Amino acid sequence: PATPEPINDDWPGYSLDLFNYPTHYSGDLDCVIIPHGVIMDRTERLARNIMDDLGDHDIVVLCVLKGGYQFCADLVERIKALSRNSNHTIPMRVHFIRLRSYLNDQSTEDLHILGAEDLSFLAGKGIVGTGKTMETLLQHVKAFKPKMIKVAGLLVKRVQHSLASVPDYVGFEIPNRFVVGYALDYNEYFRDLNHICIISESGKKKYKV
Ligand code: HPA
Ligand code: MG
């Protein structure tokens, strides 16, 4: 599928004053890097690409919580809408697992996978995973030999090291900065923000643990 134009490192983002956002976060954010509407528009297109590729396979969606819940829910909604409006509708089931590896804005070494003990329901099915790509998780999923595995990620960060596994469907390529909103958190805060934003230094301090 077509990869989107990257959001460059020098992209200043949009001023927060242009948008509506919860006032309890005023001062905690530097800028909006992807407004909610743009996320939705891009997700609609990803849904179409997924439908085009999967043909008439059943889909088992494996949603990676917590950060992936909003993207997963919106992507599933779009796939459902396309399916309703087409001649061959595609059965879709949704499962959830949970990953946790971040403390403050730093990735920690230990990756916790919760709820992945039994993925045998995957056997013989195509998957679209959502959330961040994780080699560990992919290895785990592959062991169940699904017919097809596709990974959808809303965001891919430009990091120098290890782009070993790039999602099959990428919403946006963004600078290697810590972002929040649209279910992405900083110590559990900011999930209740619709836009994807850059957290400010004072925001980091305020919600540090
Ligand atoms: N924001 C929130 N959670 C994350 C990020 C991020 O930029 N990167 C990895 N987990
Ligand atoms: Mg998190």
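# Aromatic pairs and nonpolar cores

Select Phe19, which counts as partly exposed because its relative accessibility is 27% (buried is under 20% relative accessible area, exposed over 50%, partly exposed in between; 1.4 Å probe, protein chains only). The model is predicted: local features need pLDDT of at least 70 and side-chain atom pairs pLDDT 80 or more, whereas totals for chains, interfaces and linings use all residues. Residues are numbered from 1 along each chain as written, chains are lettered from A and ligands numbered from 1 in written order, and side-chain values use heavy atoms, without hydrogens or water.

The whole structure contains seven aromatic pairs (Phe, Tyr or Trp rings, the six-membered one for Trp, with centres within 6.5 Å; planes under 30 degrees apart are stacked, over 60 edge-to-face, the rest tilted). Add Tyr14: its ring centre lies 5.7 Å from that of Phe19 and the planes meet at 85°, so this pair is edge-to-face. Next, select Phe178 and Tyr186, also an edge-to-face pair, at 5.8 Å between centres and 80° between planes. Phe178 is buried at 13% relative accessible area, and Tyr186 is buried at 0%. Then display Tyr25, Tyr189, Phe190 and Tyr207, a cluster linked by ring pairs.

Turn now to the largest nonpolar core (buried Ala, Val, Leu, Ile, Met, Phe, Trp, Tyr and Cys joined through side-chain atoms within 4.5 Å). Among its 31 residues, Ile34, Leu155 and Ile196 touch the most other members. Helix α1 (a DSSP run of H or I, at least four residues; strands are E, at least two; both numbered from the N terminus) contributes the most, seven residues.

Finally, select Val32 and Leu16, which belong with Tyr25 and Phe178 to a second, separate core of twelve residues.
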